[in-house]
Amino acid sequence: RVLGSLPPGAEPPGAAGFGVAGLISPDGNEVVEPPNLPLDRCDLGRHVAAAFGLRTALLNDGRASAWGEFLRGHAAGDDPLLCLFFGTGIGIGLIAGGAPYRGAANAAGEIGHTIHVPDGRPCPCGGLGHFEAYCGGRAITERAAADLGKAPAGNWTVGAVVQVAAAGGSEAARAARILVEAEAAAGALVANACTLLNPRACVLGGGVLEGWPDLFDRVVAQVRRTTRRAIHGGLRFVRSLGGSDAILWGAAAATGALDLRPPARQRPAGS
């Protein structure tokens, strides 16, 4: 029914690509432990292929976004390319050799669940002290609800915490404390990842940065202050593509149905 409802003149789809939060099984078909979706152990890849007769690709959303950034983003063609997305949780993707790095079990990149503070704040995954518990969007807003009470208008967002911190008054210091800890965690996480992976460029994005635009420059400054020159000297930082563009390009690329390549870029001699 879905394929039969195409607009007149539109070509039917030749493939289906999905970027999904959570781990993806090594065979690329099953969603495993997604943090925000009721799809655990859903055999999504095989289901779509069987139901619609389409070539189907399924990959982690951070990895899909990184591939899209490599193909069409502000650091297109830079390799290795590190992408970090501060949203509800923390997503990461690494492009190395022109393709996303998967790891031995297709589980590489869960950097938000590495330790920032041993035995620290509880993380939504059930662990303690993970980076995501300090600089993930959910952690920031849940802490605001606990420390500041009711949001000024509607539900707490990262942007609302930023506004309260800037407004002065009795709640400003508590809101600022949440942001200071989140900034320190985000900067440390990016510095750690850059030191470990030594990328040519680093893309930063996600809803936390949309609600808190100054965080981009603050993280970049912390990385340049706390890493060795060999790491940050030639490192470019760029903002991510807006909306869902990156993840859509990456999911499309994963199907192999389109000849998607990054644009050719001129580089200075010796770079």
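**Close-up views of the predicted model**

**View 1. The largest pocket.** The largest pocket of this predicted model has a volume of about 1000 Å³. Its lining consists of 46 residues. Nearest the pocket centre lie D61, F85, G89, I90 and G91.

**View 2. Elements around the largest pocket.** Several helices and strands each give two or more residues to the pocket lining. The helices are α2 (61-72), α7 (207-211) and α10 (245-255). The strands are β5 (81-86), β6 (90-96) and β8 (201-205). Helix α2 gives the most, with 4 residues.

**View 3. Chemical make-up of the pocket lining.** Sorted by class, the lining of the largest pocket has 19 polar and 18 nonpolar residues. Another 9 lining residues are charged.

**View 4. The fold that holds the pocket.** The protein chain has 10 helices and 9 strands. Its radius of gyration is 20 Å, close to the 18 Å that the globule rule gives for 271 residues, so the chain is as compact as a globular protein of that length. The C-alpha trace spans about 60 × 50 × 35 Å along its principal axes.

**View 5. Interior contacts and outer surface.** Of the 271 residues in the protein chain, 44% count as buried, meaning under 20% relative accessible area. Among contacts with a separation of 6 or more, 61% join residues 24 or more positions apart. The protein chain exposes about 13600 Å². Carbon and sulfur atoms supply 53% of that exposed area.

Technical notes: Residues are numbered from 1 along each chain as its sequence is written. This is a predicted model: local features need pLDDT of at least 70, side-chain atom pairs count only at pLDDT 80 or more; totals for chains, interfaces and linings use all residues. Side-chain values use heavy atoms; hydrogens and water are left out. On a 1 Å grid over the protein atoms alone, a cavity is a set of points where a 1.4 Å probe fits but cannot get out, and a pocket is an open set with protein on both sides within 12 Å along at least five of seven lines; lining residues have an atom within 4 Å of a point. Grid points are joined across faces, edges and corners, and a volume is the space filled by probe spheres set on the points. Ala, Val, Leu, Ile, Met, Phe, Trp, Tyr, Cys and Pro count as nonpolar, Asp, Glu, Lys and Arg as charged, and the others, Gly among them, as polar. The radius of gyration is taken over C-alpha atoms; the globule rule is 2.2 Å times the number of residues to the power 0.38. Buried means under 20% relative accessible area, exposed over 50%, partly exposed in between (1.4 Å probe, protein chains only). Contact means heavy atoms within 4.5 Å. Accessible areas come from the Shrake-Rupley method with a 1.4 Å probe; for residues, only the protein chains shown count as cover.
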